[in-house]
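Please open the structure in your viewer and keep the selection tool at hand. This tour suggests what to select at each stop and then describes what is there.

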Amino acid sequence: MAVRLGELLLREKRISPVQLQEALEHQRTHGGPLGTNLVKLGFVQDEDIALLLSRQYGVPAIALGLFDLDSTIVRLVPAETAVKYQVIAVGRSATALTLAMTDPTNVFAMDDIKFMTGLHVEPVVASESAVREAIARYYGTGAVEADREAGGDLVTRALEEMGSAGDDGLEVVSEADAIATSTLERQSGEAPVIRLVNALMLSAIQRGASDIHLEPYEKELRIRFRIDGVLHRVMAPPLKYRDPITSRIKIMAQMDIAEKRLPQDGRIKARFNDRGQVREIDFRVSCLPTLFGEKIVMRLLDRGQLRLDMTRLGFEARALQRFEAAIRRPWGMVLVTGPTGSGKTNTLYSAISQLNQPGVNILTAEDPVEFNLAGINQVQVKDTIGLTFAAALRSFLRQDPNVILVGEIRDQETAAIAVKAALTGHLVLSTLHTNDAPSTVSRLVNMGIESFLVASSVNLVCAQRLVRRICDHCKTDDIQPPEALIEAGFAPEDLATVQAWRGRGCDRCGGTGYRWRVGLFEVMRTSEAIRSLILEGAPVSELRRQAMTEGMVTLRQSGLQKVREGLTSLDDVVRETVM
């Protein structure tokens with residue numbers, strides 16, 4: 001701004017070339033902005049500079065000394081940022097922040113403050129001395145140093161609480177190219193917040209978290225990680241960082257930071273160094289307006305943790321044999337059921353990875369596409385433009401498919417088209433939200449699918465859950481009373497041979513006693529006997545009884561087998577399954 005201001009004053013004949021040269025010499029000797037030096041030398045008044053800039057840029061001027069500012073509005077801009085850009089907040093509306101600036105053309109300052117506050121910035125011009133005096137008055141003379149230290153302490157404390165080595169090496173990847181974290185820091189006055197968010201994401205990766213939860217409450221901002229299916233509190237930053245952290249994440253996820261009333265979804269792709277190897281990981285971001293701010297959940301989608309080997313998922317031998325036989329059939333439907341977060345996507349991806357051969361055309365409709373798989377045609381469902389599961393399925397039938405994967409059967413229309421595809425020579429894989437395998441039949445019937453169509457189209461249903469795997473490095477005996485074992489489902493004759501285990505907690509598992517998870521599976525094959533029961537409209541209890549007669553292992557039985565094998569604890573099995 002220095003040269004521009006000098007040129008403006010010369011053009012307006014407010015100073016002479018000699019005075020400008022003298023002011024520049026004074027500036028080189030004593031430092032400070034050119035305008036301040038011109039005022040010190042008595043060549044112009046502060047108000048003259050403000051009025052000149054106001055006319056030049058069409059921005060209103062303000063005499064700060066005549067106003068008592070609202071300190072809560074002033075503090076929307078951190079002291080360090082106010083000093084860095086020589087600005088002070090003077091007013092606020094529902095969507096905009098009025099900002100007194102010495103340089104109303106500084107777009108970097110306006111962009112950064114818009115990012116921090118989530119408000120549009122409306123600039124007004126004030127003299128340099130008036131802005132400096134206002135900063136000293138409302139922030140205090142030591143405020144800048146204190147705010148800088150607080151920002152540094154925030155990151156240091158966060159790293160200590162999260163046990164992270166730091167945020168070095170984390171890189172946010174845009175759709176077109178990579179944006180280094182250091183570049184983002186240079187573009188923002190809130191480097192501590194950028195470092196905190198990067199450290200948070202990196203710590204979640206290092207600790208094997210599946211989700212990051214940022215939850216604003218009236219008096220605190222709580223941050224938790226979901227690790228092995230259980231939420232763990234990791235830190236609670238000062239409440240003043242709530243909006244900057246939220247805005248930072250929304251910008252990274254390419255959301256609208258000005259929209260705070262409606263839910264939004266976005267995605268962040270990050271690249272980081274893992275013991276010398278560069279890895280990429282996606283964060284699926286969901287933003288939900290709550291009473292005290294926007295709650296953000298970031299789901300980590302790590303291709304490195306995607307297990308495509310079905311033998312490692314946790315299937316019992318006979319259940320795996322039945323599942324693989326069903327997906328090898330040329331047509332029919334295979335359904336995987338369970339609640340959100342039960343590993344259904346991993347199971348389906350494992351299945352289509354086995355089927356992925358040069359001679360097979362595989363099409364998937366997903367919401368969202370969680371992992372990109374080579375050789376498979378994946379479609380992202382977008383309800384807002386009419387690209388629903390049903391619409392995608394209709395198009396798939398004209399694409400000469402062999403295998404169709406539908407991310408979820410949500411409605412009668414999708415179910416009807418999926419059944420039609422399964423009955424006309426296609427293998428259809430999909431998911432449903434049901435409690436167990438037999439109840440999937442009644443769920444389809446309740447959605448409006450005729451019983452004879454369900455009986456004809458469904459080859460197999462696999463219900464699943466995930467339980468925590470006991471840490472191998474701190475595994476120890478878990479003495480359980482006989483009553484607890486029998487109540488869980490063990491037979492009295494099993495008590496002499498059953499040994500329960502638990503984890504003591506160690507450095508490798510973060511003190512939890514568990515590390516990673518293993519699946520429990522309930523696989524119901526649609527045999528001729530079960531088809532007859534479906535056609536008769538038999539209740540779920542009869543379907544379950546017949547399936548167990550034919551060798552189906554229930555979720556509880558699968559869990560008890562994992563207890564016998566020392567893979568998980570009895571408590572986890574009892575919590576995740578029913579008798």
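Before the first stop, it helps to know that a helix axis here is a line fitted to C-alpha atoms over the stretch in contact, and that angles between the N-to-C directions run from 0 to 180 degrees. Keep in mind, too, that this is a predicted model.

Start by selecting helix α20, residues 528-536, together with helix α21, residues 540-549, whose axes come within 10 Å and cross at roughly 175 degrees. Since angles over 145 degrees count as roughly antiparallel, α20 is therefore roughly antiparallel to α21. Now show the side chains where the two helices meet: A529, I530, L533 and I534 belong to α20, while E542, L543, Q546 and A547 belong to α21. Sorted by class, this contact has 6 nonpolar, 1 polar and 1 charged residues.

Next, select the open sheet of 7 strands, which has mixed pairing and follows the order β14-β13-β15-β16-β12-β17-β20. The edges are β14 (377-380) and β20 (514-525), and because each has a single partner strand, one side of each is left without a neighbour in the sheet. On average, neighbouring strands of this sheet are turned by 20 degrees against each other, direction ignored. Zoom in on β13, residues 362-366, which pairs with β14 in the parallel sense over 4 bridges, and find E366 standing opposite Q380 in β14.

Finally, select β7 (residues 221-227) and β8 (residues 230-235), two strands that run antiparallel and are joined by 5 bridges. Here R224 stands opposite R233 in β8. The two strands, β7 and β8, form a hairpin with 2 residues between them, and D228 in the turn has a positive phi of about 55 degrees.

Conventions:
Residues are numbered from 1 along each chain as its sequence is written. This is a predicted model: local features need pLDDT of at least 70, side-chain atom pairs count only at pLDDT 80 or more; totals for chains, interfaces and linings use all residues. Side-chain values use heavy atoms; hydrogens and water are left out. Two strands pair if DSSP finds at least two bridges between them. Angles under 35 degrees count as roughly parallel, over 145 as roughly antiparallel, 65 to 115 as roughly perpendicular and the rest as oblique. Contact means heavy atoms within 4.5 Å. Ala, Val, Leu, Ile, Met, Phe, Trp, Tyr, Cys and Pro count as nonpolar, Asp, Glu, Lys and Arg as charged, and the others, Gly among them, as polar.
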